[in-house]
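Please study the sequence and the model shown below before attempting the exercises. Each exercise is followed by a worked solution.

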Amino acid sequence: MKIKVIIHEAEEGGYWAEVPSIPGCATQGETFEELLQNFYEAIEGCLSVDIESIETTDKDRIMEIAI
């Protein structure tokens, strides 16, 4: 899966970026490389859901997929 990201140059230096398809998913970094590293963590955090709080039955399956 490909996700579009908008990268902005911060007025005070460095960069900040946002993912329009995931509301509230944004991060920043002093360098472009730091921004990219932070982005992977931010997207993973935005897409993570605590499945412990979701009711499941014995017939339900829980899977983890890479996108």
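The exercises below concern a predicted model and proceed from the whole chain to single residues.

**Exercise 1. The chain as a whole**

Determine how many helices and strands the protein chain has, and in what order the elements run.

*Solution.* Step 1: the elements are counted, which gives 1 helix and 3 strands. Step 2: the elements are read from the N terminus on, and the order is β-β-β-α. Step 3: burial is considered for the chain; of its 67 residues, 19% are buried. Step 4: the accessible surface of the chain is about 6100 Å², and carbon and sulfur atoms account for 51% of that surface.

**Exercise 2. The span of helix H1**

Compare the expected span of helix H1 with the distance between its end C-alpha atoms.

*Solution.* Step 1: helix H1 covers residues 32-47, that is, 16 residues. Step 2: the expected span is 1.5 Å times one less than the number of residues, so H1 should span 22 Å. Step 3: the end C-alpha atoms of H1 are 22 Å apart, in agreement with the expected value.

**Exercise 3. The two sides of helix H1**

Identify the buried residues of H1, the side on which they lie, and what covers them.

*Solution.* Step 1: Leu 35, Asn 38, Phe 39, Ala 42 and Ile 43 are the buried residues of H1. Step 2: these residues lie on the same side of H1, because they cover an arc of only 140° around the axis. Step 3: a general rule helps here: an α-helix has 3.6 residues a turn, so residues three or four places apart point the same way. Step 4: the cover over the buried residues of H1 includes strands E1 (6-9), E2 (15-18) and E3 (26-29). Step 5: on the face turned away from the buried side, H1 carries the exposed residues Glu 33, Gln 37, Tyr 40, Glu 41 and Glu 44.

**Exercise 4. Classifying two residues**

Decide whether Asn 38 and Ile 7 are buried, partly exposed or exposed.

*Solution.* Step 1: the cut-offs are under 20% relative accessible area for buried and over 50% for exposed, with partly exposed in between. Step 2: Asn 38, in helix H1, has 18% relative accessibility and therefore counts as buried. Step 3: beyond its neighbours within four places in sequence, Asn 38 is in contact with Thr 27, Gln 28 and Gly 29. Step 4: Ile 7, in strand E1, has 38% relative accessibility and therefore counts as partly exposed.

**Exercise 5. A nonpolar surface patch**

State which residues make the nonpolar surface patch and which element gives the most to it.

*Solution.* Step 1: Val 5, Ile 7, Phe 32, Leu 36 and Tyr 40 make a patch of about 460 Å². Step 2: H1 gives the most to this patch, with 3 residues.

Notes
Residues are numbered from 1 along each chain as its sequence is written. This is a predicted model: local features need pLDDT of at least 70, side-chain atom pairs count only at pLDDT 80 or more; totals for chains, interfaces and linings use all residues. Side-chain values use heavy atoms; hydrogens and water are left out. Helices (H or I, at least four residues) and strands (E, at least two) are DSSP runs, numbered from the N terminus. Buried means under 20% relative accessible area, exposed over 50%, partly exposed in between (1.4 Å probe, protein chains only). The arc is that of the directions from the helix axis to the C-beta atoms. Contact means heavy atoms within 4.5 Å. Patches are made of residues with over 30% relative accessible area and no salt bridge: like charges are joined within 9 Å, nonpolar side chains (Val, Leu, Ile, Met, Phe, Trp, Tyr) within 5 Å. Accessible areas come from the Shrake-Rupley method with a 1.4 Å probe; for residues, only the protein chains shown count as cover. A salt bridge is a side-chain nitrogen of Lys or Arg within 4 Å of a carboxyl oxygen of Asp or Glu.
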